[in-house]
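Hi there,

Here is the structure I promised to pass on to you. Please have a look at it when you get a moment, and then read my notes underneath.

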Amino acid sequence: MTPMSNRTLNKKTSLAVACWMSLAASCAQTAHHVEAVAVSSAGTNAATLDWPAEVEAAASESSVASDTSEASEASEASAPRAQTVALMTAEPAAGQLRTQSENAGILDTAYFKTPEFKRRFANSFLSVSDVEPGVTPEEAEELQEIIELIQQEGKRERALTKLQGAINDTSSANYPYLIGQIHQGEERYDLALEAYLDAVDRTPTFRRAWQQIALLYYRRALDVDNENPSADYTECARAFARAISLGLVDETSYGMMAASLLNSDHVLAAETAFRMAIMMGPGEKQWTMGLAQCYFRSKRYAEAVGLLDDMIADDPDNATLWMFQGNAYLGLDQPRKAARDFQVVDQLGGGTGASTNILADIYANDGLFAEAVPVYLKALELDEAALPDRAIRAAKMMTGRGDVESAKTLLAGVESHFGDELPDETATEVLKLRAKIAVREGRGEDEIEVLRQIVDRNPLDGDGLILLADALSRNDKIDEALQMLETAASIESFEAEAKLQHARVLVQQKRFAEAIPLLKSSLQLNDKESVQQYLESVEKAARTAAK
């Protein structure tokens with residue numbers, strides 16, 4: 001018999017040929033040489049059969065591993081590499097698969113559709129004798145009939161039915177494994193997983209079945225409708241660990257196990273597995289990124305920065321790497337270095353609403369308000385779901401520190417961006433801030449006008465009433481100010497403050513006797529030492545005035 005390792009699968013070789021190879025190795029393991037030769041011959045003669053659709057794209061690359069070479073099989077049957085690293089993407093719509101894990105961002109669902117995965121999926125039918133279940137001569141004959149159905153166009157479901165009818169409690173693990181392969185090829189993943197679990201229950205050392213179990217748990221963990229992905233990541237890691245203990249040694253298996261461990265919060269174990277993956281595939285950036293995330297999760301930010309420095313040196317146009325390093329610098333409380341990285345992210349066009357807001361905050365905290373304003377507004381443009389709260393908070397800071405021009409520019413940008421969609425509560429907050437700006441600029445009448453707009457919008461806005469009363473009293477409109485304070489005092493949550501402010505206005509008018517009962521009432525509602533001291537000073541002033 002021609003050694004399998006010297007033959008290459010033709011592009012038209014069918015799924016059945018791979019099944020035959022698995023069966024041939026199993027027969028060889030149990031010393032049924034006649035059946036093995038017959039099976040291998042059937043595989044050789046089937047070279048012109050149609051190649052199934054799910055492995056068509058990669059068939060020309062496939063080669064049959066030697067049934068006695070563990071290293072070759074481990075390489076060819078391993079899961080494919082993910083093609084990209086994606087850290088910060090939007091959540092997909094319901095019913096779709098997650099494009100990436102929340103934390104690791106490694107091995108997204110795209111790898112299940114790559115030609116390399118399809119090729120390796122086809123090769124996963126091939127067997128290695130020392131970790132494979134055996135078959136009896138009777139089973140070999142029965143499986144031969146089933147595989148003849150598989151190789152016929154449109155007969156795969158019939159073959160599945162025959163397999164399901166033939167399997168019993170004592171059947172070889174090859175039966176449920178082939179059932180699983182057919183289900184997996186037809187994208188019936190839950191049924192495939194059930195079949196593979198049956199296979200390892202029958203033969204606990206069935207390495208290929210453990211590998212497929214791991215892949216299917218990983219796929220299921222990525223489903224956006226999965227309410228407990230951590231449990232599936234845990235099962236995926238366990239299955240990979242079992243397959244590796246049985247001799248499966250390749251970078252992708254270690255990498256996928258590491259990603260699963262990281263996503264199930266086993267950070268130390270994930271770090272070890274990522275290191276193994278890096279050792280076997282030092283050029284694969286996603287494993288290095290995974291290791292950096294392990295550092296980040298364990299708050300070893302300095303190590304993450306160092307590792308990312310090396311990655312950025314190799315790929316300086318990768319905005320994701322710069323963003324990740326910027327966050328690590330924030331963890332080290334080095335905001336200016338973080339700002340440098342986020343500036344690069346922006347220049348590379350990779351900024352998000354979140355990262356741009358962080359950059360704006362860094363500018364604002366450094367007092368660089370003029371630089372911060374356009375960055376806050378850009379953050380609003382980048383994130384359609386963004387709220388104005390952050391920008392308004394920054395405008396308050398600018399006003400408090402005396403840069404009213406920057407505050408006015410930022411508020412104008414916020415109002416322009418949201419238009420009529422600005423929430424009522426936020427619009428009121430903007431008006432109050434505009435009133436404070438008017439005070440800063442010495443525009444008393446403008447302040448009053450803005451505050452009147454607030455009260456008109458909500459006559460029961462106690463804070464707005466008190467602010468308006470204060471503005472009116474400072475502009476010698478005492479009677480109207482007292483009316484506003486009386487209205488505010490009728491609102492339970494503002495009663496104590498309104499009566500205190502009412503008393504202050506009266507004291508300014510030297511109406512001490514009228515102020516005293518208001519202060520006492522305020523104290524009963526809110527016992528504050530400062531108010532008690534103020535009351536005592538007013539009572540003393542009243543006694544002095546009465547003399």
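Below is what I found, with charge pairs first, then a surface patch and the cysteines.

Please keep in mind that this is a predicted model, so the values here are computed from its coordinates.

**Salt bridges**

The structure holds 30 salt bridges, and I picked out a few for you. One of them joins D190 to R220, with the closest N and O atoms 3.9 Å apart. This pair links distant parts of the chain: D190 sits in helix α9 (residues 189–202) and R220 in helix α10 (residues 207–221), 30 residues apart. The cut-off for a salt bridge is 4 Å, so at 3.9 Å the pair is counted. As for their surroundings, D190 is exposed, at 53% relative accessible area, while R220 is partly exposed, at 33%.

R443 and D446 also meet through their side chains in a salt bridge, at 2.6 Å from N to O. Both partners are partly exposed: R443 has a relative accessibility of 28%, and D446 has 37%.

A further bridge, between K499 and E495, has an N to O distance of 2.9 Å. Here both residues belong to helix α26 (residues 495–508), and they are four residues apart, about one turn of the helix. K499 is buried, because its relative accessible area of 17% falls under the 20% limit.

You may also like to look at E271, R275, R300 and E303, which are linked in a network of salt bridges.

**A negative patch**

Which residues form the negative surface patch? They are E138, E141, E145 and E148. Of these, E141 is placed in helix α6 (residues 137–150). E141 is exposed, since its relative accessible area of 51% is over the 50% limit. Patch members must also have no salt bridge, so E141 is without one in this model.

**Cysteines**

How many disulfides does the structure hold? The count is zero. A disulfide would need a pair of cysteine sulfur atoms within 2.5 Å, so no pair of cysteine sulfurs here meets that cut-off. Two cysteines to view are C236, buried at 0% relative accessible area, and C294, also buried with a relative accessibility of 0%.

Happy viewing, and do write back with any questions.

Best wishes

Methods:
Residues numbered from 1 in each chain as written. Predicted model: local features only at pLDDT ≥ 70, side-chain atom pairs only at ≥ 80, totals over all residues. Heavy atoms only, no water. Patch = residues over 30% accessible without salt bridge, like charges linked within 9 Å, V, L, I, M, F, W, Y side chains within 5 Å. Areas by Shrake-Rupley, 256 points an atom, 1.4 Å probe, with all protein chains shown as cover. Lys, Arg positive; Asp, Glu negative; His and termini not counted. Charge placed at Lys NZ, Arg CZ, Asp CG, Glu CD. Helix = DSSP H or I, 4+ residues; strand = E, 2+ residues; numbered from the N terminus. Buried < 20%, exposed > 50% of the residue type's maximum accessible area, 1.4 Å probe, protein only.
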